[in-house]
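I opened my notebook to record what I looked up in this structure, one entry at a time. I begin with a single residue and work outward to the chain.

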Amino acid sequence: MKTLPVVQIRTTPSILNMDTNPGQYSIRQPKAEIQLNTRPAKLTVESHPITLHVDQSKAFSAYNGGNMIDMNARIYSGIQQQFLQNMAERVQQGNQLAAIHKPSNTISNIIGMDWQPKSFPETRTPASFDNVDIQIETRPPDISYEPAVSEMNVIVNKPEIEYQRGKLDIYVKQYASVQYTPPAIDVGL
């Protein structure tokens with residue numbers, strides 16, 4: 001049996017090649033700049049002097065009579081009082097003389113006891129431990145406080161981004177082909 005001749009068809013596929021290099025990013029960000037300003041706290045203390053008042057007028061009055069006006073006023077009121085006392089004594093002596101019928105009421109007994117001098121009115125005031133008045137005036141200090149103030153400024157630098165493109169090469173490594181091979185012809189016929 002004889003076979004029919006067959007045509008051979010050979011194909012080769014096309015081959016595409018791609019060479020790629022990826023792109024590269026370069027990101028860089030400079031440091032932020034910080035500006036810090038601080039105003040220091042301020043404390044102010046203002047103190048006031050202490051005021052001391054010493055009133056020794058009562059002590060001077062007890063030592064030496066004090067000032068002339070006060071001493072004259074004491075003498076005047078003392079003489080007036082002494083005058084009234086002397087008058088009262090004279091009235092009493094007169095009453096005793098009127099009662100002469102009593103044996104002890106003789107003129108020598110009544111007038112004879114009146115030989116001592118009367119003292120001049122006291123020009124000084126009585127002495128006391130409380131004659132000096134001391135008064136101290138204090139005022140609290142004036143305190144003012146201003147707190148510290150801090151100011152911070154931050155300057156943020158933007159990032160610097162660079163991109164380098166990659167490459168893409170596409171080429172045909174092998175072209176597609178179709179090959180036909182006819183059957184061998186037998187010429188011996």
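I first looked up Y25 in this predicted model, and I noted that Y25 is exposed, because its relative accessible area of 63% is over the 50% that the term requires. I then looked up Y163, which has a relative accessible area of 46%, so I wrote Y163 down as partly exposed, since this value lies between the cut-offs of 20% and 50%.

Next I asked myself how many aromatic pairs a search of the whole structure finds. The search finds one, and it is formed by Y25 and Y163, whose rings lie 4.8 Å apart centre to centre with 45° between the planes. I recorded the pair as tilted, because an angle that is neither under 30 degrees nor over 60 falls into that class. I also noted that the pair links distant parts of the chain, as Y25 sits in strand β3 (residues 24-28) and Y163 in strand β10 (residues 160-164), 138 residues apart.

I then turned to the chain as a whole, for which I counted three helices and twelve strands. Its C-alpha trace spans about 225 × 35 × 20 Å along the principal axes, and its radius of gyration is 69 Å, where a compact globule of 189 residues would have one near 16 Å. Buried residues make up 9% of the 189 residues.

For my last entry I looked at contacts between residues at least 6 apart in sequence, and I found that 93% of them join residues at least 24 apart.

How values were computed
Residues numbered from 1 in each chain as written. Predicted model: local features only at pLDDT ≥ 70, side-chain atom pairs only at ≥ 80, totals over all residues. Heavy atoms only, no water. Phe/Tyr/Trp six-rings, centres within 6.5 Å; stacked < 30°, edge-to-face > 60°. Helix = DSSP H or I, 4+ residues; strand = E, 2+ residues; numbered from the N terminus. Buried < 20%, exposed > 50% of the residue type's maximum accessible area, 1.4 Å probe, protein only. Rg over C-alpha atoms; globule rule 2.2 N^0.38 Å. Contact = heavy atoms within 4.5 Å.
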